[in-house]
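Good morning, and thank you for coming. Please look at the sequence and the structure as they come up.

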Amino acid sequence: MMVLLILMVTAVATPMITLLYNPDRPYMVNKRRTIQHTPPNAELHIVACIHDQQTVVGLINLLDVSNPTLSSPCFVSALYLTELVGRAAPVFIDHEKQDPPSSHDKKIENALKRFQESRAEYVYIHSYTAVSPRRTMYQDICELALEQKATFIILPFHKELYDTRGGTQLLRRGVQSLNSKVLDHAPCSVGILVDKGHFRNPLAARSFRRSSHRFAVLFLGGADAREALIYADRMAGSPEISLTVVRFLSYNYMGDDEMEKKLDDGVVTWFWVKNEGNDRVVYREAVVRNGAETVAAIQAMNDNSYDLWILGRKQGINPVLIGGLLEWSENNELGVIGDYVASVDFGGTASVLVVQQQVLRGQENKSFSQQIFACGVC
């Protein structure tokens, strides 16, 4: 009888433990940590990852256009990532408690300091340095995001285009694998910034004065697209930002997931009602039959009038919208459409922000329509 009881308890407890804790993904949580589920007048907690001077300039510009305000300031944990060489032990340094290592780039620190001073009431930056092997660096990022209860992690793309005419690129060794691991393990939403140069200015010349920007959201549906739209809506609160949102729909609703469609409709309706009287916001729809038509519609927008493309990575996208494109995708961390818009072949000088909404613990391998979802704005 006792043996039978033990077997019954084990049979019930094992799947419950697996659901509540996955040792392969220890940083994932069950509580929503997304931009979508952050109240409009709450602080936005961000972990910003920095590799070099080029990284920090694009990062500062992205923080600047995120529209920090008195009622919704940005609390930024700036994490300098340095690859460990040799047999030295990994270190994690809080700059408020310990001096950064001698290899630390003072220009980066000064740029962040000047930015914080220029937005003193709206932005608070706390700096850290992680010196660790590339294969475990994602743990430093995810652990910091978990400890700081971050809503958003910003990662630089592993390629940086610094000559748009010649297609010249700077490759950051090991960063692609790092980004993929963060996407797989993050306790919150993640954004990958592809800096094509428009966001980049010399550090010494940066004055942090606001200027006019034009952004475009490519809304293909799904959780990632909804997160991207909510972030873009935050940006559109600034009078210096003009925003164009294009929602892609399949012809005759082919391939639509009913639950995803309802969630998309709710967020898009919320967004449009909120911005209906804002003449700096434009919303339109594009009906397509396949991936080729989706690409053609996006290419028709590529007239160098935009400074930043914003889009979701892949969760919940109707497969009809990207049909025939999967075999051409090279950078999985950007998703199919993100990879296309970020490519040299697409051209243009606009940078790209690809957003992945937080994946809750236990739902890593489920489609979004199978998840129990509490929608905060729809």
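In this predicted model, I begin with a single pair of residues: V217 has V245 in strand 10 as its bridge partner. Strand 9, residues 213-219, runs parallel to strand 10, residues 241-250, and seven bridges join the two. Between these strands the chain passes through helix 6, residues 223-236, and the resulting β-α-β crossover is right-handed.

Which residue of strand 12 does V217 stand opposite? That residue is I310. Strand 12 comprises residues 308-312, and its pairing with strand 9 is also parallel, with four bridges. As for exposure, strand 9 is mostly covered, with six of its seven residues buried.

I turn now to helix 4, residues 137-147. Its buried residues are M137, Y138, D140, I141, C142, L144 and A145. What covers them includes strand 1 (44-50), strand 2 (74-83), strand 3 (91-94), strand 4 (123-132), strand 5 (152-156) and helix 5 (175-185).

The pairing of helix 4 with helix 5 merits a closer look. In general, two packed helices are described by the angle between their axes and the distance between the axes. Here the angle is about 40° and the axes lie 9 Å apart. Helix 4 and helix 5 are therefore oblique to each other, and helix 4 passes helix 5 in a right-handed crossing. At this contact, M137, Y138, I141 and C142 of helix 4 meet L178, K181, V182 and H185 of helix 5.

Finally, helix 4 is followed by K149, which has a positive phi, near 50°.

Note on methods. Residues are numbered from 1 along each chain as its sequence is written. This is a predicted model: local features need pLDDT of at least 70, side-chain atom pairs count only at pLDDT 80 or more; totals for chains, interfaces and linings use all residues. Side-chain values use heavy atoms; hydrogens and water are left out. Buried means under 20% relative accessible area, exposed over 50%, partly exposed in between (1.4 Å probe, protein chains only). Contact means heavy atoms within 4.5 Å. Two strands pair if DSSP finds at least two bridges between them. A crossover is right-handed if, with the strands pointing away from the viewer, the path from the first strand over the helix to the second runs clockwise. Axes are lines fitted to C-alpha atoms, for helices over the stretch in contact, and angles run from 0 to 180 degrees between N-to-C directions. Angles under 35 degrees count as roughly parallel, over 145 as roughly antiparallel, 65 to 115 as roughly perpendicular and the rest as oblique. A crossing is left-handed if the near helix is turned anticlockwise from the far one by less than a right angle, and right-handed if clockwise.
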